Amino acid sequence: MTQATASGRTTIARSGLQTALSLATVTGLAAVVGVVIARRFGRGAETDGFFAAYGLFIVLVMAANALRLVVLPRLTRARGQGTLGAETIAYTVSLLPVAVPLLAVSALWSDEVGGLLTGSLPPASREAAGTALVWMLPAAVAQLYAGLA
């Protein structure tokens, strides 16, 4: 068993710090976006619908960030072993059962899912959520795959 060198520990600590700062930045920016949207557009049925869809987007982005934390070390090891291409393709294919339904919802059933997200809110909320999901679900899928890039 090999011992970790001081430079190895430093690199791991630096990488962990960079990851933590990245997650903090993403979370902070999400909060700022919410405040800016609420101040710019006010509070009403449309913004309620938008934020319902945005909440789903944020959950998916958080899942994508968690995926990055799991995948990145494995891809780093694969690069060292010369199997990065095969490993990346394997992860790309394994995300399809998540990505394809999200894309199908955005293309075919965004209004229905918007209605589920908004519940008993006014119809304008449902329409706003459905319209936002058309863009937010593909963006969330892109976030899932961005971790592999």
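**View 1. The whole chain, with 28% of its 149 residues buried.** Here, buried means under 20% relative accessible area, exposed means over 50%, and partly exposed is whatever lies in between, using a 1.4 Å probe and protein chains only. Before you zoom in, note that this is a predicted model, where local features need pLDDT of at least 70 and side-chain atom pairs count only at pLDDT 80 or more, while totals for chains, interfaces and linings use all residues. Residues are numbered from 1 along each chain as its sequence is written, and side-chain values use heavy atoms, with hydrogens and water left out. The chain has six helices and zero strands, so the pattern along the sequence reads α-α-α-α-α-α. Helices (H or I, at least four residues) and strands (E, at least two) are DSSP runs, numbered from the N terminus. The chain is more spread out than a compact globule, because its radius of gyration is 19 Å, well over the 15 Å that the globule rule gives for 149 residues. That radius is taken over C-alpha atoms, and the rule is 2.2 Å times the number of residues to the power 0.38. Along the principal axes, the C-alpha atoms fill a box of roughly 65 × 30 × 20 Å.

**View 2. Surface and charges of the chain.** The accessible surface comes to about 9,600 Å², and 68% of it belongs to carbon and sulfur atoms. Those areas come from the Shrake-Rupley method with a 1.4 Å probe, and for residues only the protein chains shown count as cover. As for charge, the mean positions of the 10 positive and 6 negative charges are 22 Å apart. Lys and Arg count as positive, Asp and Glu as negative, and His and the chain ends are not counted. Each charge is placed at NZ of Lys, CZ of Arg, CG of Asp or CD of Glu.

**View 3. The largest nonpolar core, 17 residues in all.** A nonpolar core is a set of buried Ala, Val, Leu, Ile, Met, Phe, Trp, Tyr and Cys residues joined through side-chain atoms within 4.5 Å. A53, F57, M136 and L137 have the most contacts inside this core. The elements giving it two or more residues are α2 (45–81), α4 (96–108) and α6 (123–146), and α6 supplies the largest share, seven residues. A second, separate core of seven residues includes V71, L75, Y91 and L148. In soluble globular proteins, nonpolar side chains tend to be buried together.

**View 4. L137 and L60, a pair in contact.** Contact means heavy atoms within 4.5 Å. Not counting residues up to four places away in sequence, L137 touches L56, L60, L102, V105 and S106. L60 sits in helix α2 and counts as buried at 16% relative accessibility. With the same sequence neighbours set aside, L60 touches L102, L137 and A140. For a sense of scale, L60 and I37 are 23 residues apart in sequence and 20 Å apart in space, C-alpha to C-alpha. Across the chain, among contacts between residues at least 6 apart in sequence, 70% join residues at least 24 apart.

**View 5. Two more stops along helix α2, G49 and N65.** G49 is buried, with a relative accessible area of 0%. Leaving aside neighbours within four places in sequence, G49 is in contact with T118, S125, A128 and A129. G49 and L137 are 88 residues apart in sequence and 15 Å apart in space, C-alpha to C-alpha. N65 is buried too, at a relative accessible area of 11%. Beyond its neighbours within four places in sequence, N65 is in contact with L23 and V26.

**View 6. Helix α5 (residues 110–118), with S110 in it.** S110 is buried, with a relative accessible area of 8%. Not counting residues up to four places away in sequence, S110 touches V105, G130, L133 and V134. The buried residues of α5 are S110, V113, G114, G115 and T118, and they pack against α2, α4 and α6. Just after α5, G119 takes a positive phi of about 60°.

**View 7. A104 in helix α4.** At 21% relative accessibility, A104 counts as partly exposed. A104 and A13 are 91 residues apart in sequence and 40 Å apart in space, C-alpha to C-alpha.
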